[in-house]
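Work through the exercises below with the sequence and the structure side by side. Try each task before reading its solution.

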Amino acid sequence: MKLNRGGGEHGHHHHHHEALKFSSFFFMPERPREYLVLFTRFSVLTCLIVSVSLVLRTTFLSSSAPEYSSSYGLRFPAVPQKAVALPPTRSAGPITISHVQFCIAGAAETWLDRSQYTSLWWRNTTRGFVWLDKPANIPQNHSDNRFSIPVRVSDSGWTRFRFSSSKAAVRIARVIWDSYRLNLPDVRWFVMGDDDTVFFTDNLVKVLSKYDHEQMWYIGGNSESVEQDVMHAYDMAFGGGGFAISRPLAARLANAMDGCLQRYFYFYGSDQRIAACVSEIGVPFTEERGFHQLDIRGDPYGFLAAHPLAPLVSLHHLVYLDPLFPNKTPIDSLQTLMKPYTLDPHRILQQIHCYDRKRQWSISISWGYSIQIYTYFLTAKDLDTPLQTFKTWRSSSDGPFTFNTRPLKPDPCERPVTYFMDGAEDVRDSGTKTWYSVGDKKYGHCGKSEHSRVTKVKRILVTSMKMDPEYWNKAPRRHCCEVMEGGRRKEEEMSIRIRKCRSSEMI
């Protein structure tokens, strides 16, 4: 009994000792100083419990984040950081065409016809795909190079999104997702366009070389018709003219695209959806004046004969416009324009003007395309302003446009005599010769003798040095030209030399 009582007493003393240890941490305070000690111990214990809870919550919830997060009643798709794929490696060195992945939107029904436009500029070094809604019926045993352009069918996931007007716009907007997920190596830029967009790729590369491809860029052009910009957006790259998205932006855009397609189902175009999604990412629209949507109707001559002082990057809607050259089809016209472009790509369509002071003629050259001669003096500002040979896109009105125009005078004697490029050749790899022959724009007959003197000039030779590749990296300045004296058949031929303007020279 003593032993048992002794053992019981030992157990009792052991539990009493543990209780004393616990109570020594949470003792009943008897003096004011002990209240401070007890409060401090409670604070330490609370912080420890909270820290452990946060660690456990992060561990178990990070792998199963909810699809949606809510903020003030608005629901936005949660974007797990692991889902954003950034460029795997930094690409160094100057940009080339091989750093560009083209994302061309097409349709199986129209691809056989529209491929004529894409084949004008697509080369063996071109990377990317034409994205169709379904497989196209391409002729077997074909020898046409346009059918060698790589084609893919869009992922069918786009069909689950609703739309208000254009079903195709949903698929085309998602082409950036289709393209990015291919994860092609060493791609710095994703360039969107339509299957009837004609890109001038040397100039595209020159424009993109100004921008750091490791940053987020959204580059393109808007519409020429104000009614289109008001209806859609001014701060948006219109898709037909093409636009460029740097790889870091493409990564975020591809990840966010499905959520954007859900939110912006009420927009009409694919480019509107993309612009809205880019805006959510926080990236502004950067305009480059060489991207041309060509939202105009009729004859584009006036616009192209007074191209802005910027490299020509793209042309669109040519299937809906009058041919660029008289008596040629749209495709033949573009093939003609490509001849001088391949010789001096940075100069194509660049405007130069000068005066024949002896005969008091005003001359405007759109290099590689056309020459206008007026029998009276026009200021440089007037010559810079396009003749309005076209209407607005939607309403076929006389404007307004996003640039100034000057009217085509009703008096045939006040209209220019026009010439069109019909020959181009290299001169010792450093210069060019281009020839221009008189072309009938059906501007009416003028019986004045001075006008007849101009029409006697049947052919004009233009010589120039090739444009310095660094020209567009500097502050741009329009080049000058001068009419060359001498030669045989003076009345029927004219020779003009393009050169850099002298430092103090004015036109």
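A residue counts as buried when its relative accessible area is under 20%, as exposed when it is over 50%, and as partly exposed in between, with a 1.4 Å probe and only protein chains considered. The model is predicted, so local features need pLDDT of at least 70 and side-chain atom pairs count only at pLDDT 80 or more, while totals for chains, interfaces and linings use all residues. Residues are numbered from 1 along each chain as its sequence is written, and side-chain values use heavy atoms, with hydrogens and water left out.

**Exercise 1. Describe the protein chain as a whole.**

Begin with the secondary structure, where helices (H or I, at least four residues) and strands (E, at least two) are DSSP runs numbered from the N terminus. Counted in this way, the protein chain has 13 helices and 21 strands. Next, turn to burial: of the 507 residues of the protein chain, 48% count as buried. Then look at the surface, for which accessible areas come from the Shrake-Rupley method with a 1.4 Å probe, and for residues only the protein chains shown count as cover. The protein chain exposes about 26600 Å², and carbon and sulfur atoms supply 55% of this area. Finally, consider contacts, meaning heavy atoms within 4.5 Å. Among the contacts in the protein chain with a separation of 6 or more, 68% are between residues 24 or more positions apart.

**Exercise 2. How many disulfides are there, and which pattern do they follow?**

A disulfide is a covalent bond between the sulfur atoms of two cysteines, and here the rule is a pair of cysteine sulfur atoms within 2.5 Å. Applying this rule gives 4 disulfides. If the bonded cysteines are counted along the chain, the disulfides follow the pattern 1-2, 3-7, 4-5, 6-8.

**Exercise 3. Examine the disulfide between C260 and C277, giving its geometry, its place in the chain and its burial.**

First, take the distance: the sulfur atoms of C260 and C277 are 2.1 Å apart. Second, take the torsion about the S-S bond, which is about 75°, so this disulfide is right-handed. Third, locate the partners: C260 lies in helix α8 (residues 247-263) and C277 in helix α9 (residues 270-281), so the pair ties together parts that are 17 residues apart in sequence. Fourth, check the burial: C260 has 0% relative accessibility and counts as buried, and C277 is buried with a relative accessible area of 0%.

**Exercise 4. Repeat the steps for the disulfides C413 to C446 and C480 to C501.**

For the disulfide that joins C413 to C446, the S to S distance is 1.8 Å, and the torsion of about 100° makes the disulfide right-handed. The pair links distant parts of the chain, 33 residues apart, with C413 in the loop between β16 (390-392) and β17 (417-427) and C446 in the loop between β18 (431-438) and α13 (449-455). C413 is buried at 11% relative accessibility, and C446 is buried at 3%.

For C480 and C501, the sulfur atoms are 1.9 Å apart, and the torsion about the S-S bond is about 105°, so the disulfide is right-handed. This pair also links distant parts of the chain, 21 residues apart, with C480 in strand β20 (residues 480-483) and C501 in the segment after β21 (493-499). C480 counts as buried at 1% relative accessibility, and C501 counts as buried at 15%.

**Exercise 5. Classify the ring pairs F102 with F199 and F325 with Y369.**

Rings of Phe, Tyr and Trp (its six-membered ring) pair if their centres lie within 6.5 Å, and planes under 30 degrees apart count as stacked, over 60 as edge-to-face and the rest as tilted. A search of the whole structure finds 28 aromatic pairs. The rings of F102 and F199 have centres 5.4 Å apart and planes at 50°, so the pair is tilted. F102 lies in strand β3 (residues 100-105) and F199 in strand β7 (residues 198-199), so the pair ties together parts that are 97 residues apart in sequence. Both F102 and F199 are buried.

The rings of F325 and Y369 have centres 5.3 Å apart and planes at 90°, so the pair is edge-to-face. F325 counts as buried at 2% relative accessibility, and Y369 counts as buried at 1%.
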